[in-house]
Amino acid sequence: MTEKTTLRVFSVLAIRAAVDRLLPLWQQQYPDITLDIAWGPTVVIEKNIAAGQRADAVIVTVDALDRLIAAGEVRAASRIELVDSQIGLAALPGAPHPDISSVAALKAALLNARSVGYSLAGASGIYFRQLLENLGIADEVNRRATTIPEGFTARLLVEGQADIAVQQISELLTVEGIEIIGPLPPGAEKTLSFSAGVFSEAEQHEDAARLLAFLRSAEARRIFEASGLSWRE
């Protein structure tokens, strides 16, 4: 009888919708390997690792994985490039979709919104806060903004707390009952890139390598792209 194992993974929220769709296929191919995934923003994952938490595999931003490899936490040879993710805006179906085709239009849309929802800890939220500063509208937008420490900002739309949500498009699509307005326009656009690797002291390093190979498969690519993500070559 084959022994069942549990593979511990730290992963960014940006790929959660895709991974949820991939899990049945993974369990079909590897019925004896259960995935235990701790989801969170890259900033939180890095803090947890610095505090001593460990897993078998990790999926974070490219820069964060660079740091983990440099620190000896992740095996350089195990690294894979995974997906790119654009930051965008969402609204409720039937609600007005403001023009965000230019930086000037985006600025007007944010200023005219009743409340803009974004995440404080996520990579998209960190970028968005800086974007507001760069546009010179941080104080005015933040006076009416609805923020969350981490998680999916499109929930604020459904709960009636915001009429525009800002996050990675793949994360916005995780919440049912919303519509994508579009990505940030040229001059304000931001694409986040994600990589994965195996921890240097992983207990299940062979299974972790199987997971990374699975995430680079043709089946995974199809589902990632259907979830609003772009494949990294």
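**Ser-78 and the internal cavities**

Reader: Which residues does Ser-78 touch, not counting those up to four places away in sequence?
Author: In this predicted model, Ser-78 sits in the loop between helix 3 (62–70) and strand 4 (80–91). Leaving aside residues up to four places away in sequence, Ser-78 touches Ala-196, Gly-197, Val-198 and Leu-212.

Reader: Is Ser-78 buried or exposed?
Author: The relative accessible area of Ser-78 is 16%. Buried means under 20%, so Ser-78 counts as buried.

Reader: At what distance does the side chain of Ser-78 reach the backbone nitrogen of Val-198?
Author: The side chain of Ser-78 has a polar atom 2.7 Å from the backbone oxygen of Arg-75. From the side chain of Ser-78 to the backbone nitrogen of Val-198, the distance is 2.8 Å.

Reader: Which elements give two or more residues to the lining of the largest cavity?
Author: The whole structure holds two cavities of 30 Å³ or more, and the largest has a volume of about 110 Å³. Its lining comprises 16 residues, with Pro-41, Gly-122, Ala-123, Gln-168 and Glu-171 nearest the centre. The elements that supply two or more of the lining residues are helix 5 (123–135) and strand 7 (164–168).

Reader: How many residues in the lining of the second largest cavity are nonpolar?
Author: The second largest cavity encloses about 80 Å³. It is lined by 14 residues, and Val-19, Leu-35, Ile-37, Leu-211 and Leu-215 are the closest to its centre. Helix 1 provides the largest share of this lining, four residues. By class, the lining has no charged residues and one polar, while the number of nonpolar residues is 13.

Technical notes:
Residues numbered from 1 in each chain as written. Predicted model: local features only at pLDDT ≥ 70, side-chain atom pairs only at ≥ 80, totals over all residues. Heavy atoms only, no water. Buried < 20%, exposed > 50% of the residue type's maximum accessible area, 1.4 Å probe, protein only. Polar contact = N/O pair within 3.5 Å; in protein donor to acceptor, adjacent residues only side chain to side chain. Contact = heavy atoms within 4.5 Å. 1 Å grid on protein atoms, 1.4 Å probe; cavity = no way out; pocket = protein on both sides within 12 Å on 5 of 7 lines; lining within 4 Å. Points joined across faces, edges and corners; volume = space filled by probe spheres on them. Nonpolar A, V, L, I, M, F, W, Y, C, P; charged D, E, K, R; others polar.
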